[in-house]
Structures are given as structure tokens and as C-alpha cells.
Amino acid sequence: MQAWQVHQNGEPAEAMRLVEVDRPTPGDGQVLLKVRAANINFPDALMCRGQYQVRPPLPFTPGVEICGETEDGRRVIANPALPHGGFAEYAVADAAALLPAPDALDDAEAAALHIGYQTGWFGLHRRARLEAGETLLVYAAAGGVGSAAVQLGKAAGARVIGVVGGADKAAVARELGCDVVVDRRSEDVIGAVKEATGGRGADVIYDPVGGEAYTQSTKVVAFEGRIVVVGFASGSIPSPALNHALVKNYGVLGLHWGLYNTKNPKLVLHCHEQLTELAARGAIKPLVSERVPLSEAAAAVQRVADGVTTGRIAVVPTLQNGAAA
């Protein structure tokens, strides 16, 4: 079969190589899955660089989120067991963690429903306890993680403010349903958010960026507000001033979604049931901006690494070169 492998850490476009390898052999409790679509996540790029908290042994195949097909023909969502990741024709995954792919979504959309939407659901509902009528501020609102949070926030009845970088991404954020869109490249984020909230600030802030975004969050968080720290796409990890959190009476909440798979896996299944129901009634629908063939996976991962994409890019092995939509 064909698979992308990383033999030496580096930028995805240089580190990933498309090779012919044997199909992976499932271990105890694992199953072999035919990859129908693999969603590209920012951690895939970090793993190529050797900068992610999970460092699979070299060589490895990236791709942490797929819609796959079991040997008996079931369509499932899975997190492949590295080093046999999803940017390949076949992958392996733990049988106990397979989730049914929603009928309302195609393969690429189903592949994109898992990590970003689970993270959004746990962040907004389990950690921040977002309530209808509250104001939700989402950074990188046109990206894969941010777009999921925007849709989930709207589905929960929140007023959503999206922060993006550039006019094209601002248009995408509006299409996603943001009530207010702030272009950080041409607007003052702090001033725009304060104006949009009448000076009160945002009740819940969803931050997958870190760095300057976190600093801005502390200046626009409302009384009894909650800042949900999801990741550090900016590459800069902030150091919170806890005296500031005390004086302004807000909370800083960390979210590592992967821990729920080991600490409370029943909650992951419950979340998936909630997401499936939301997808069935059209309240959420993953934004898949591109579908590319397997041969173009490395270039696509590089675009995600460079921060120039909107929504999600899905690698679809059955697509032929030049057939990507």
C-alpha cells in the first residue's frame, strides 16, 4: 500500500515521503481500517517537526483522525494508533475506541468531526459551562478548531465573536455564523471586543492560539468569565498572572481532550452522541475547505502548518491527482 512516512523530523513538505509499504498488522485489541478520509490537524505538523508531546518512533505515518471502513464494511471514526497514522491507504486503530460515522456527514466531514468538535464540546460545555445568551469569543475562528467552536457556540445559543487574520478568513467566519467578526490584521481586537460587548467583555473565551491572543483575552474577559486554553498555535506559551485572575474574578481552564480517553472514556462516547444528534439536525457541519488525493498530503499538511488554510483539509485516498475539490 501507499503511505506517507517521516524518517527525519522537519517541515512537513520536506520530512514526509510517499512510500510503498506493507499493510500494518493490528496488535491485540486493534483493527485494520481502510482509510476513506483523513483529516489534517495542526498536531500532524508538530509531529513532523518533532515538537508535539507525542513523539512516535521514526519512521512513522502522520494522521491522527480518520473516517475508515472496517473489514465488515462499517463506516467509523477513529484515531489511528501511531506509528501507523491516517495518511495512508490503511491504518490501525483500537477497536474499543471506534465511533460510528454519522449518516448525515460524508467521509471527509465525518473525519473532521472528531478531535476538533470533541475538544470544542468538552471545552465549552464540560469545562466552561457555556450557557445560552452568554457571549463566546473564539480565536482563529475560521480555522479547524475555531470553526468547530463557533458552530457549537451557536448551537448552544451563545452570541459568538470570532477573531481572524485577514479578509478571506473574516468572510468564512461570517458564513460560519459569527455574530461579530474581528480582523486582527486591520482592527484593534481589544477595542473591537469591548465595543461589541458594551464594555462588559466575553463570558467564555476559546483560545487555541496562545501568545498575544491570551494577553488580549485577559483584557476582554467578563466578570466571572472563563478562558479556555486549548493550544498554542502561535508557538508562544503564555505565563498567566494569577493576581490578575484574582483581581478581575475570572477563571483560566486548561483542556487536554485526549485525557478523557483514559480518564473517562464514557464521556467521549456521550459527546459523540451529542455531536451526531447536532449533525443530524444540521446544527453543526464540519467546514471541509479542501479534499486532496493522497499524493498531495505533504503539501496540504505544510499549508496547515503555515496557517494559511480555513476549516479542514481532508486527504481522500480514492481521489485521483487533479480531482481534488
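Buried here means under 20% relative accessible area. By that cut-off, in this predicted model, helix 2 (residues 42-49) has Asp44, Ala45, Leu46, Met47 and Cys48 as its buried residues. What sits over them includes a mix of strands and helices: strand 1 (2-6), helix 1 (12-15), strand 2 (16-20), strand 3 (30-39) and helix 12 (297-306). Just past the end of helix 2, Gly50 takes a positive phi of about 75 degrees.

Turning to the nonpolar interior, the largest nonpolar core has 82 residues, and the members touching the most others are Met16, Phe122 and Leu136. Setting aside neighbours within four places in sequence, Phe122 is in contact with Arg127, Leu255, Trp257, Tyr260, Leu267, Val268 and Cys271. There is also a second, separate core of 21 residues, with Val180, Ala192, Val209 and Ala213 among them. As a general backdrop, nonpolar side chains in soluble globular proteins tend to be buried together.

Next comes a helix pair. Helix 4 (residues 115-127) and helix 5 (residues 144-155) have axes that come within 8 Å and cross at roughly 50 degrees. The two helices are therefore oblique to each other, and helix 4 passes helix 5 in a right-handed crossing. On the helix 4 side, the residues that meet helix 5 are Gly116, Tyr117, Gly120, Trp121 and Leu124; their counterparts in helix 5 are Ala148, Ala149, Gln151, Leu152 and Gly153. Sorted by class, this contact has six nonpolar and four polar residues, with no charged ones.

Two single positions are worth a look for their surroundings. Thr135 belongs to strand 8 (residues 135-139). With a relative accessible area of 9%, and the cut-off for buried being under 20%, Thr135 counts as buried. Apart from neighbours within four places in sequence, Thr135 is in contact with Arg159, Ile161, Thr197, Ala202, Asp203 and Val204. Gly311, in turn, lies in the loop between helix 12 and strand 15 (312-315). Despite the loop setting, Gly311 is buried too, at a relative accessible area of 7%. Not counting residues up to four places away in sequence, Gly311 touches Ala142, Gly143, Gly144, Ser147, Leu287 and Ser289. Gly311 and Pro83 are 228 residues apart along the chain, and their C-alpha atoms are separated by 26 Å.

That leaves the backbone oddities. Most residues other than glycine have a negative phi, and most peptide bonds are trans. Against that background, a cis peptide bond joins Leu58 and Pro59, with omega about -10 degrees. Pro59 is in the loop between helix 2 and strand 4 (66-69). The bond from Leu82 to Pro83 is cis as well, its omega being near 20 degrees, and Pro83 sits in the loop between strand 5 (75-78) and strand 6 (90-94).

Positive phi values turn up at non-glycine positions, too. Arg129 is not a glycine, yet its phi is positive at about 55 degrees. Arg129 lies in the loop between helix 4 and strand 8 and is exposed, with a relative accessible area of 51%. Ala140 has a positive phi near 55 degrees and is found in the loop between strand 8 and helix 5. At a relative accessible area of 33%, Ala140 is partly exposed.

Definitions and conventions. Residues numbered from 1 in each chain as written. Predicted model: local features only at pLDDT ≥ 70, side-chain atom pairs only at ≥ 80, totals over all residues. Heavy atoms only, no water. Axes fitted to C-alpha atoms, helices over the stretch in contact; angles between N-to-C directions. Helix = DSSP H or I, 4+ residues; strand = E, 2+ residues; numbered from the N terminus. Parallel < 35°, antiparallel > 145°, perpendicular 65-115°, else oblique. Left-handed = near helix turned anticlockwise from the far one by under 90°. Contact = heavy atoms within 4.5 Å. Nonpolar A, V, L, I, M, F, W, Y, C, P; charged D, E, K, R; others polar. Buried < 20%, exposed > 50% of the residue type's maximum accessible area, 1.4 Å probe, protein only. Core = buried A, V, L, I, M, F, W, Y, C linked by side-chain atoms within 4.5 Å.
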